[in-house]
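Here is a quick tour of one model, meant to be read with the coordinates open beside it. Take a look first, then follow along.

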Amino acid sequence: FSFLLEMPTPPMITPITIAFGSCHRLSAVTNGESILRKIVELSPSAFLWLGDAIYKEGLGSGTFDAPFNAPFNAMSSFKPYADLVSEVDGRIYGTWDDHDYGRNDAGRKLNNRT
């Protein structure tokens, strides 16, 4: 007794590039230059924020009011970031860190934290 088992050809594995970053200060951008432009040049498949996507110091009490949203809105309209969002087709993931919410190392002492 014999038989032939035909195995399907394994699918081609397409390599992906995942870029990551943290500690992005829009106030540190000069002449429109940003590390985000360099990241876009790498043509990543996705981007991971590892915390501190924005810095909110001096922009209010740390509540989710208009001043709190200001740096997120500024980042959304910042061309290098918009280009990155487009490059990765919206595949941007991340985690929150202290500056994304409020003051440096505020932790549990930050008023109105969620």
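## Helix 3, outside and inside

Let's start on the outer side: the face of helix 3 turned away from its buried side carries Lys79 and Ser86, both exposed. Keep in mind as you go that this is a predicted model.

Now flip to the other side of helix 3, where Pro80, Tyr81 and Leu84 are buried. Looking down the axis of helix 3, you'll find its buried residues within an arc of 100 degrees, so they line one face of the helix.

## What the core is made of

The largest nonpolar core has 13 residues, and those touching the most other members are Leu36, Ile39, Phe47, Trp49, Met75, Tyr81 and Leu84. Three elements give two or more residues to this core: helix 1 (35-41), strand 2 (46-49) and helix 3 (79-87). Helix 1 gives the most, with three residues. As background, nonpolar side chains in soluble globular proteins tend to be buried together.

Phe47 is a good residue to click on. Leaving out residues up to four places away in sequence, Phe47 touches Ala19, Phe20, Gly21, Ile39, Leu84, Val88, Arg91, Ile92 and Tyr93. Two of those names, Ile39 and Leu84, also turn up in the list of core residues that touch the most other members.

## The sheet

How are the strands arranged? The model has an open sheet of three strands, in the order 1-2-3 and with parallel pairing. Strand 1 (18-21) and strand 3 (92-94) are the edge strands, each pairing on one side only. On average, and ignoring direction, neighbouring strands of this sheet are turned by 25 degrees against each other.

For the pairing of strand 1 with strand 2, count four bridges, in the parallel sense. Ile18 has its bridge partner in strand 2, namely Ala46.

## Two residues with positive phi

Most residues other than glycine have a negative phi. Cys23 goes the other way: although not a glycine, Cys23 has a positive phi of about 55 degrees. You'll find Cys23 in the loop between strand 1 and helix 1. Is Cys23 buried, exposed or partly exposed? With a relative accessible area of 44%, Cys23 is partly exposed.

Asp89 is the other one to look at, again not a glycine and again with a positive phi of about 55 degrees. Asp89 follows helix 3 and lies in the loop between helix 3 and strand 3. At 61% relative accessibility, Asp89 counts as exposed.

## More from the loops

Back in the loop between strand 1 and helix 1, have a look at Ser34. Ser34 is buried, with a relative accessible area of 9%. The side chain of Ser34 makes a polar contact with the side chain of His24, at 3.3 Å.

Finally, go to the loop between strand 3 and helix 4 (98-101), where Thr95 lies. Thr95 counts as partly exposed, at 45% relative accessibility. Which residue 44 residues apart from Thr95 along the chain has its C-alpha atom 5.4 Å from that of Thr95? That is Gly51.

Note on methods: Residues are numbered from 1 along each chain as its sequence is written. This is a predicted model: local features need pLDDT of at least 70, side-chain atom pairs count only at pLDDT 80 or more; totals for chains, interfaces and linings use all residues. Side-chain values use heavy atoms; hydrogens and water are left out. A nonpolar core is a set of buried Ala, Val, Leu, Ile, Met, Phe, Trp, Tyr and Cys residues joined through side-chain atoms within 4.5 Å. Buried means under 20% relative accessible area, exposed over 50%, partly exposed in between (1.4 Å probe, protein chains only). Contact means heavy atoms within 4.5 Å. The arc is that of the directions from the helix axis to the C-beta atoms. Two strands pair if DSSP finds at least two bridges between them. Axes are lines fitted to C-alpha atoms, for helices over the stretch in contact, and angles run from 0 to 180 degrees between N-to-C directions. A polar contact is a pair of N or O atoms within 3.5 Å; within protein, one must be able to donate a hydrogen and the other to accept it, and residues adjacent in sequence count only if both atoms are side-chain atoms.
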